[in-house]
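Dear colleague,

I am passing on a structure for you to look through, and my notes on what was found follow below it. Please keep in mind while reading that this is a predicted model.

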Amino acid sequence: MLTSVDADVIRVLGDPLRLKIVTLLAQETLCTTHLVEETGAKQTNLSNHMKVLREAGLVETEPCGRFTYYKLRPEVLASISERFAELAASAHTAADNKRAC
């Protein structure tokens, strides 16, 4: 069953820019400068989105001199993926269950 934490993560991923950021971070750890270049977003806008992703537990930061690197926390996505797989499995069996009116 999906939890309220899962729902928050799903809501956060509903934003196209945040989904793009997560997709990029799934390939490599990137700093703010790289993310601005890759997404075309303004630095302040990107920073706001990164804050939302951090608060949702999807990314973590790694300071490196004057730069901040971001990396994805794959266990969070894996957890949601497992819950969706459970829902899909349940839906397969539920298709044969029909409640009488």
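**Two helices and three strands**

A good place to begin is with helix 2 (residues 16-25) and helix 3 (residues 32-39), whose axes come within 11 Å and cross at roughly 120 degrees. An angle from 65 to 115 degrees would count as roughly perpendicular and one over 145 as roughly antiparallel, and helix 2 and helix 3 are therefore oblique to each other. The crossing in which helix 2 passes helix 3 is right-handed. On the side of helix 2, the contact is made by Leu17, Lys20, Ile21, Leu24 and Leu25, while helix 3 contributes Leu35, Glu38 and Thr39. Sorted by character, the residues of this contact comprise 5 nonpolar, 1 polar and 2 charged.

Turning to the strands, you will find that strand 3 (residues 67-72) runs antiparallel to strand 1 (residues 30-31), and that 2 bridges join them. As an example to locate in the viewer, Leu30 has Tyr70 of strand 3 as its bridge partner.

Strand 3 also pairs with strand 2 (residues 59-64), again in the antiparallel sense, over 6 bridges; here Pro63 has Thr68 of strand 3 as its bridge partner. Strand 2 and strand 3 form a hairpin with 2 residues between the strands, and in this hairpin Gly65 takes a positive phi near 65 degrees. When you follow the strands, it may help to remember that in a regular strand the side chains alternate between the two faces of the sheet.

With best wishes

Technical notes
Residues are numbered from 1 along each chain as its sequence is written. This is a predicted model: local features need pLDDT of at least 70, side-chain atom pairs count only at pLDDT 80 or more; totals for chains, interfaces and linings use all residues. Side-chain values use heavy atoms; hydrogens and water are left out. Axes are lines fitted to C-alpha atoms, for helices over the stretch in contact, and angles run from 0 to 180 degrees between N-to-C directions. Helices (H or I, at least four residues) and strands (E, at least two) are DSSP runs, numbered from the N terminus. Angles under 35 degrees count as roughly parallel, over 145 as roughly antiparallel, 65 to 115 as roughly perpendicular and the rest as oblique. A crossing is left-handed if the near helix is turned anticlockwise from the far one by less than a right angle, and right-handed if clockwise. Contact means heavy atoms within 4.5 Å. Ala, Val, Leu, Ile, Met, Phe, Trp, Tyr, Cys and Pro count as nonpolar, Asp, Glu, Lys and Arg as charged, and the others, Gly among them, as polar. Two strands pair if DSSP finds at least two bridges between them.
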